[in-house]
Every structure is written in structure tokens, then in C-alpha cells.
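I opened the model to look up a few points on overall make-up, helix packing and one side chain. My entries follow in the order I made them.

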Amino acid sequence: MRIFDPHIHMTSRTTDDYEAMHAAGVRAVVEPAFWLGQPRTSPASFRDYFDSLLGWEPYRAAQYGITHHCTLALNPKEANDPRCTPVLEELPRYLVKDQVVAVGEIGYDAMTPAEDTALAVQLQLAADHGLPALVHTPHRDKAAGLRRTLDVVRESALAPDRVLVDHLNETTVRRAKDSGCWLGFSVYPDTKMDERRMVEILRAYGTERVLVNSAADWGRSDPLGPRRVGDLMLAEGFGEDDVDRVLWRNPVAFYGRSGRLVLDVPETAATHEGNSVLRGELRDDGLRPDRDGEHRGGVPVPEG
């Protein structure tokens, strides 16, 4: 079983998770930019975070045989903080990066006017950059949030078939399906879906344009949620082709619309006695940096 998790926050996870995911069949992930739990207070915090999603996290994933792409955006929750909204002006220089396969997570949290503005602006950015969009539906008032989301999508320059509406459930799936958008479901304990409910939705609505993700993050979550859905699908009479469509071909088809999706795992090499973290790297002047990254009375390193 090959698995593409189209929405997982690996920044919040450990390397043990990467190992377990690979053993379960995960070979590709997309990590959307999201709220880290602690409110950020300036655009500089976002820049560092975006740089990590573009650099360090793909490298870390590749060590465990998994390709890593990301989606970048100002998330709905922090769109309400005027200290963070300048991020909207900085996004264009990040949205041209090869690893970015969509604009997201965008959408609604509390359905405020500030969130209206951020959603509309970022849908336009997606259209301007030829990217699809990953839209987060709110945890509260989900049905009302979906209606409002779809209204903004219809008013935007982005076609519905380039929009993935995520965190759907039984109360929102029909309206989302009728809109022409792609359908995202998060198998996440307590607050979203479980695998049995997910399989019943697949039985009722089919597998077309459906993406199943773990949305695993710093909360109580499980990066193996998609695997559990695949196993239960097979146990409940779905065929292997159905499983492959939901867990692999559908996310490939959606994010492939970016023109940037590369599924070959890049090669990585250990750099210090099997440790992946760069240590003891030489400065241009031939001195080794000390632990603070500076050299204070360093000694030149002999050649050879």
C-alpha cells in the first residue's frame, strides 16, 4: 500500500514518526503552514518558519525515504492579528519556490472580516502563481463556515477544481462535493474523523476527488491515520484500486496541478559519523567554528 499524506505537520513530529510512516507505506507528504500553538508576533517569525518548511524539513523527510512538499500562507487564526498581516505582502517571494505546491492553509477560524480579507487575497495569490489552494474549514460553525468559504471561492479567480476544502465531515461533504472542489478529510482523534466514519463516507459518496490525511500536529494525533483508513477499506470490501486512488492517486492529481510535484526521494548523505546534522563544518578561513558558531582563537585544521 502506497500512501501520500496530503496534510501533516511534521514540524511537530519526531524522526520516530518518519520511520513508522515509512514502514506503513507513506512515501510522500505535504506540510501546510499553520498556527504553531504559540501566537507569533511579527512577520520575521513566519519567514523563519517558511524557510524551515522549504529547507530543513524536506531534508529530514528524505533521510527516511519520504518526499516532502509544503503549502505556504498566513493561517486563518493569525490573520486576525495586525502584527502578522504584513506576511501577505511577503508571500509572493515564497510562492515561487519549487517545494511549494499550493497556497494554504487558508480559510476561516472565527469568520471575521480580517479572515474574509486574508482568504480573498490568498486565493488571488494562488491564481496569480498558478497554484491550487488548501482551504481550512473552521472547527466551530463548520456548515456556516463552508458556505462562506464557497461563496468567496466562487467570487475569486481560482476555479473550484483547484481548491481542496479540508476538515470536512458528514454535515459538509454534500455541499462541498456539489461545489466542484476537492474533498479533504482529517482522520484525527476526538475532534475530527475516525477511520470507520471515513469509510462510511467513502461508501456513500465514492472515491472521486477525495483526499484522506492525518493532519497530525502537536495535539493528540496519529500520523498513521491514513494507513488505518486503507486497512479498513480493504476489510470492508473496497478494492486495492479504490485504496490506491484515495491514498495516492488523488493527492498526486491535486497537488500535481502546481506543476512542481516531484515524487522521487532526493538522496541524502550523512555528514558526521552517521549523524545527519552538520557538525564541525569548516569556515571559509579553514577554522572550525565553536559551539556558538564563532571561532575564538581557533586552530587551523591540517589538510588530509
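Accessible areas here come from the Shrake-Rupley method with a 1.4 Å probe. On that basis I read an exposed surface of about 13800 Å² for the protein, 48% of it supplied by carbon and sulfur atoms. I note that this is a predicted model.

Overall make-up. I looked up the secondary structure and found ten helices and eight strands. Of the 304 residues, 48% are buried. I then took the contacts with a separation of 6 or more: residues 24 or more positions apart account for 72% of them.

Helix pair. I picked H5 (residues 113-128) and H6 (residues 142-155), whose axes come within 10 Å and cross at roughly 40 degrees. Angles from 35 to 65 degrees fall outside the parallel and perpendicular classes, and H5 and H6 are therefore oblique to each other. I logged the crossing of H5 and H6 as right-handed. On the H5 side the contact is made by Asp116, Leu119, Ala120 and Leu123, and on the H6 side by Arg148, Val152 and Val153. I sorted these residues into five nonpolar, two charged and no polar.

Trp182. Is Trp182 buried or exposed? Its relative accessible area is 6%, and under 20% counts as buried, so Trp182 is buried. Trp182 lies in strand E7 (residues 182-186). Leaving aside neighbours within four places in sequence, I listed its contacts, among them Pro160, Val163, Leu164, Arg209, Leu211, Asn250, Phe254 and Arg257. For Phe254, 72 residues from Trp182 along the chain, I noted a C-alpha separation of 7.9 Å.

Technical notes. Residues numbered from 1 in each chain as written. Predicted model: local features only at pLDDT ≥ 70, side-chain atom pairs only at ≥ 80, totals over all residues. Heavy atoms only, no water. Helix = DSSP H or I, 4+ residues; strand = E, 2+ residues; numbered from the N terminus. Buried < 20%, exposed > 50% of the residue type's maximum accessible area, 1.4 Å probe, protein only. Contact = heavy atoms within 4.5 Å. Axes fitted to C-alpha atoms, helices over the stretch in contact; angles between N-to-C directions. Parallel < 35°, antiparallel > 145°, perpendicular 65-115°, else oblique. Left-handed = near helix turned anticlockwise from the far one by under 90°. Nonpolar A, V, L, I, M, F, W, Y, C, P; charged D, E, K, R; others polar.
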